[in-house]
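Dear colleague,

Please find the structure below, handed over for your own work. My notes on what was found in it follow directly after.

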Amino acid sequence: MEKTTTSREYPLLSLTGLVVFPRVIMHFDVSREASVKALSAAAQGDKLIFMVAEREDHDPDDPSSERNYRVGVVARIKQMLRTSDGLTKIMAEGEYRARATSFDFSGDYPKVTARRFPERRVSLSDEEETAYLRLVKGLFSDYAQKMPNAPAEYVKSILGSDSLQVIFDNIAVSLPVDTPSKQALLEANGIDEKMSRLLALLEREIEVMGVENDIHDMVREQMIGNQREYYLREQMRAISRELGEDDTGEYEVQEYTDRIKELHLEEEYEKKLIKEAKRLEMMPPQSSESAVIKTYLDTVLEMPWNITTEGKTDIAKTRRILDRDHYGLKKVKERILETIAVKQLAPDTKGQIICLYGPPGVGKTSVAKSIAESMGRKYARIALGGVHDESDIRGHRKTYIGAMPGRIVNALIEAHSSDPLILLDERDKSSHDYRGDPSSALLEVLDSEQNVNFRDHYVEIPFDLSKVMFITTANDISVIYPPLRDRMEIIELSSYTREEKYHIAKEHLVPKQLAKHGLSKSSVRFGKAAIYALIDNYTREAGVRELERTIASLCRKAAKEMIEEGTTQVKLDPKKVEQMLGHRKFIDDVVSKSDSVGVVNGLAWTAAGGVIMPLEVLINDGRGVVTATGSLGDVMQESSKLAVSYVRSIADRYGINKDFYLDKDIHIHAPEGATPKDGPSAGVTMTTALVSALTGIPVRSDVAMTGEITLHGKVLPIGGLREKTMAAYKEGMHTVVIPKGNKPDLDEVDDAIKDKLHFVFADTITDVLDTALTRDPKKIKHETAKLGF
């Protein structure tokens, strides 16, 4: 054996999927011409050749050094035999480990310069060596028992050896692991590292083989069971034929065939369904596949292929039903009446897609029910909240176990009509994941040009959805997929005003809850003031759900009082309401009640409706610091800076010291500091309060205002005008200043509010100041002189 540790040149044999270990005899075949030449060169010399494994991730035809690992084994060729089919059979024994320093692929055969790679010497105690021997022999014994066709002599030679090195080499070469794992064993330095790696691989292989055996046993048992079931079923069918009892299947198939023909489908799809039905003749009635086919055919036959609703398009009836069930909602009602009118003039009009969006509790779902009743259509609701799988809409393909149709098909079956009103509720609450996006499936459903041939994955037969009227609901349309939003006509249901809530409670909620609790109008009397007390002091919401729950609570308490005290009538007024429900949950808005300097009544919109939001400005000597407090958002912070800049530009006109921003500190505050506030509509309010504080002129307490301003003093339109004017009306304001651009929006404001309030349409901030300040701005200079501005 070669003992030198200096580098020398060897013929190179690159091995694919094979790692050679020292002290192990290997048998393998060689076919590459360059490799055969290298073997021949070694055989003609000292019979030593450097064998190294090729990397799995490298091109085997690439003759570069990166193709091979660096650590290999110098082996001695024991036998070399060329066969008739062009292969060269080799028997070689690993001599010692070596590390390549360079590769040479330029000659007739590849060469390598390598030096011996001795192992790190490790001194194991007798106890450590015994422990390693017991561990490795125990694991190998378990491994050999699970390994099929393990040679008995090979197992016996390993279990009978007491050399850790010999055991390691013989086990490592035969382990069925990938090349990188075997190479790691070869490169391990020291017997302790080698045994640790080998034991870990043995444990993993034992676990994998155990799982493989379990799977094999399970599959085998299943095959045996299926074969047994097949033979038994064939015997049962033969017995049934002998007894003449096999008419049932034929009768069932004939019944399915007759029902399919009654649908009058296109010939292609009729043949497809009849073919499915005839498959039942060849199957045992109790088989699982027979049940799948029957379920499929039953689902298809239950669909309303040629069933329509004989609804009448009566505008007067529609208006009466909508007014009966809902107070207000003018836009929605007008849109439905338009649909009815068009349907009356053009009966073949395709189904419409309407999206009702607004805050919770404003009646979106109940409106859809009333629309279905008023149009004489069947009604079905599909809840989309939490849906995140496309198959929920389009169904599962029937090849899957437990497949079922989608929600659209189920809604049609539930409605039993091909032209129902289908409500897609909470459209904005659906999501998507790796199983698909429901929004993509709804693109076809909600497109009247495409849904003529809607295909459910389960049914696989096109169904015409163009006659269906789809209504979707959402709280936030911004999260709806834009292409889907583009297919819908969007109608906003804004929050109810105080007056609307009063009428809804009086005409709908109170009678409903009285009847639900076994009470009558005469036994429990809800006074007007009591209802307003509930709206103002016990609920703060956009809709009326909490109001209805509060009314129900009063009904329960009234019923309890009548039973306990033996009374026959309970009259509800604000005092009685507070006695029953406890102290008020909400207090009135903070409003400036007297003409004050630097205090302005602004108008704001919240999800629960409009509110009065006073803004206060205080001027102190200082260094020009502008402070804004009251949980103001980024937009309001910017509005405060914009107001200061604009006031500087008009300082001369109003007699304000031009250098106020240098020697005066300005503090802007919005009361109720715990409530976050934001939006651009406070621009005119901040500017007015700032001018008032700097000039010393009070602001009228009976004036409320809203509007966004620009750097040049233009007043821009805002949103939520309907709710904001209701807040001004509720708090007894006399004048409301709004942007001139919002003048058309007054059509949505209640007539009662327009009669009570005086509206000023501001084009510039000058219009606002002329209305809000108590004195003429032209007479300001002597006032500002007194203040030292």
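Phe660 counts as buried in this predicted model, because its relative accessibility is 1%, under the 20% limit for that class. Tyr661, in contrast, is partly exposed, as its relative accessible area is 26%. By the rule applied to rings, there are seven aromatic pairs. One of them is formed by Phe660 and Tyr661 in an edge-to-face arrangement, with 6.2 Å from centre to centre and 90 degrees between the planes. Tyr661 also has a charged neighbour: Arg648 lies over the face of its ring, at 3.6 Å from the ring centre. A second arrangement of this kind involves Lys743, which lies over the face of Phe761 at 5.1 Å from the ring centre.

Another of the seven aromatic pairs consists of Trp305 and Phe463, and this one is tilted, with a centre-to-centre distance of 5.2 Å and 55 degrees between the planes. The pair links distant parts of the chain, 158 residues apart. Trp305 belongs to the loop between helix 9 (288-302) and helix 10 (315-325), whereas Phe463 belongs to the loop between helix 15 (438-445) and strand 10 (469-474). Both residues, Trp305 and Phe463, are buried.

Turning to the sheet, five strands form an open sheet with parallel pairing, in the order 8-9-10-7-11. Strand 8 (379-383) and strand 11 (489-492) are at the edges; each has a single partner strand, so one side of each is left without a neighbour in the sheet. From one strand to the next, the twist averages 20 degrees. Strand 7 (residues 353-357) runs parallel to strand 11 and is joined to it by four bridges. Leu356 has Ile491 in strand 11 as its bridge partner.

Two helices may be noted here. Helix 11 (residues 330-345) packs on the sheet and touches strand 7, strand 10 and strand 11, its direction making about 145 degrees with that of strand 11. Helix 14 (residues 407-415) also packs on the sheet, where it touches strand 8, strand 9 (421-425) and strand 10; the direction of helix 14 makes about 155 degrees with that of strand 8.

Finally, which residue shares a polar contact of 3.0 Å with the side chain of Ser14? The partner is Asn68, through its side chain. Ser14 is located in strand 1 (residues 8-15) and is buried, with a relative accessible area of 6%. Leaving aside residues up to four places away in sequence, Ser14 touches Arg32, Val52, Glu54, Arg67 and Asn68.

With kind regards

Terms used: Residues numbered from 1 in each chain as written. Predicted model: local features only at pLDDT ≥ 70, side-chain atom pairs only at ≥ 80, totals over all residues. Heavy atoms only, no water. Buried < 20%, exposed > 50% of the residue type's maximum accessible area, 1.4 Å probe, protein only. Polar contact = N/O pair within 3.5 Å; in protein donor to acceptor, adjacent residues only side chain to side chain. Contact = heavy atoms within 4.5 Å. Phe/Tyr/Trp six-rings, centres within 6.5 Å; stacked < 30°, edge-to-face > 60°. Lys NZ or Arg CZ within 6 Å of the ring centre and 35° of its normal. Pairing = 2+ DSSP bridges. Axes fitted to C-alpha atoms, helices over the stretch in contact; angles between N-to-C directions.
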